[in-house]
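Good morning, everyone, and thank you for making the time. Please have the sequence and the model open beside you, and follow along as we go from the whole chain to individual residues.

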Amino acid sequence: AQSYVGMSSGKLLVYNQYDNAAADLELRTKSFDNAIFIDNSAQKIGIGDTTPSAKLDVAGDIKSSELYIYDSAISSNSTTDLLTLEGYNGDVGSTPQAIAIKFLNSDTNSSATASIRMAVVNDTDYGDNDENASNLIFATSNSPEGTFTDKMIITGRGDVGIGNISPTHDLTVQGDISASGTLYMGSPEGGQVTFLDEDSLT
């Protein structure tokens, strides 16, 4: 059925030609099909998508000078997910796949970059063998964009690795450790320190 566009109280309205009911709206150009689609019945908007599955569904990249997310009805007794990043690529195999947040800051002669990513793998890459494990990896760089490397991981089972992304203990550190306070070991009954290299007894 064809539709027509009208104005009412300063608003642009789209109606069905035959029963005067509100209709969907699709804006396109000669070279850009499905530029903007408004699904009236579902009250959803698609950009580059004629079957939006959310209030705003964008097929492609989004660029914004500032992103502000606000929810005025969060619960005081639970956690509200204000931002969800989701990726899908079929069955997880032995090669890690991940989704990430990338940070980039640059000026006229330099750039700094870092990322936080959640990686999953059906192998022992991160010290486990569970494709359901959500491994959170932090990467930074001391050189230009694109050359940052992994510095820390929190594995799906809760192990933390610093300088090592396959931790074998609750905390695995590759490198020196410096502390200004007291090192407490174990429970009130006491703990122990194990030296794996006698040369470290200095």
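Let me start with a question: among contacts between residues at least 6 apart in sequence, what share joins residues at least 24 apart? The answer is 17% of those contacts in the protein. Please keep in mind throughout that what you are looking at is a predicted model.

Now for the overall picture. The protein has 12 strands and 0 helices, so if you read the elements from the N terminus on, you meet β each time, from the start to the end of the list. Of the 202 residues in the protein, buried ones make up 15%. The area that the protein exposes comes to about 15,800 Å², and carbon and sulfur atoms supply 50% of it.

Part of the surface can be described as a nonpolar patch of about 770 Å², and among the residues that make it are Leu 67, Ile 69, Ile 74, Leu 82 and Phe 103. Let us pick out Ile 74, which sits in the loop between β6, residues 56-58, and β7, residues 97-106. Is Ile 74 buried or exposed? Ile 74 counts as exposed, because its relative accessibility is 52% and the cut-off for that word is over 50%.

Let us turn to charged side chains. How many salt bridges does the structure hold? It holds 2 of them, and I will take each in turn.

One salt bridge joins Arg 117 to Asp 150, with their closest N and O atoms 2.7 Å apart. This pair links distant parts of the chain, since Arg 117 belongs to strand β8, residues 111-120, while Asp 150 belongs to strand β10, residues 149-154, and the two are 33 residues apart. Asp 150 itself counts as partly exposed, because its relative accessibility is 27%.

The other salt bridge is formed by Asp 159 and Arg 157, whose closest N and O atoms are 2.5 Å apart. Here the partners fall into separate classes of accessibility: Asp 159 is buried, because its relative accessible area is 6%, whereas Arg 157 counts as partly exposed, because its value is 47%.

With those two pairs in mind, consider Asp 39, which is placed in strand β4, residues 36-39. Asp 39 is buried and yet has no salt bridge. Why does it have none? The nearest side chain of opposite charge, that of Lys 44, is 7.1 Å away, and a salt bridge is counted only within 4 Å, so Lys 44 does not qualify as a partner. The side chain of Asp 39 does, however, make a polar contact with the side chain of Ser 41, at 3.0 Å. If we set aside residues up to four places away in sequence, Asp 39 touches Asp 24, Lys 44 and Pro 52.

Following on from strand β4, we come to Gln 43, in the loop between β4 and β5, the latter covering residues 44-47. As a general rule, most residues other than glycine have a negative phi. Gln 43 is not a glycine, and still its phi is positive, at about 55°. Gln 43 is also exposed, because its relative accessible area is 57%.

Finally, I would like to look at two more loop residues. Gly 93 lies in the loop between β6 and β7, and Gly 93 is partly exposed, because its relative accessible area is 30%. Which residues does Gly 93 contact, leaving aside its neighbours within four places in sequence? They are Val 121 and Asn 122. In the case of Asn 122, the C-alpha atoms are separated by 5.2 Å, although the two residues are 29 apart along the chain.

Asp 130 lies in the loop between β8 and β9, with β9 covering residues 135-140. Asp 130 counts as partly exposed, because its relative accessibility is 37%. Not counting residues up to four places away in sequence, Asp 130 touches Val 121 and Asp 123. Asp 130 and Val 92 are 38 residues apart in sequence, and their C-alpha atoms are 9.9 Å apart in space.

That is where I will stop; please bring your questions to the discussion.

Definitions and conventions:
Residues numbered from 1 in each chain as written. Predicted model: local features only at pLDDT ≥ 70, side-chain atom pairs only at ≥ 80, totals over all residues. Heavy atoms only, no water. Helix = DSSP H or I, 4+ residues; strand = E, 2+ residues; numbered from the N terminus. Buried < 20%, exposed > 50% of the residue type's maximum accessible area, 1.4 Å probe, protein only. Lys, Arg positive; Asp, Glu negative; His and termini not counted. Polar contact = N/O pair within 3.5 Å; in protein donor to acceptor, adjacent residues only side chain to side chain. Contact = heavy atoms within 4.5 Å. Patch = residues over 30% accessible without salt bridge, like charges linked within 9 Å, V, L, I, M, F, W, Y side chains within 5 Å. Areas by Shrake-Rupley, 256 points an atom, 1.4 Å probe, with all protein chains shown as cover.
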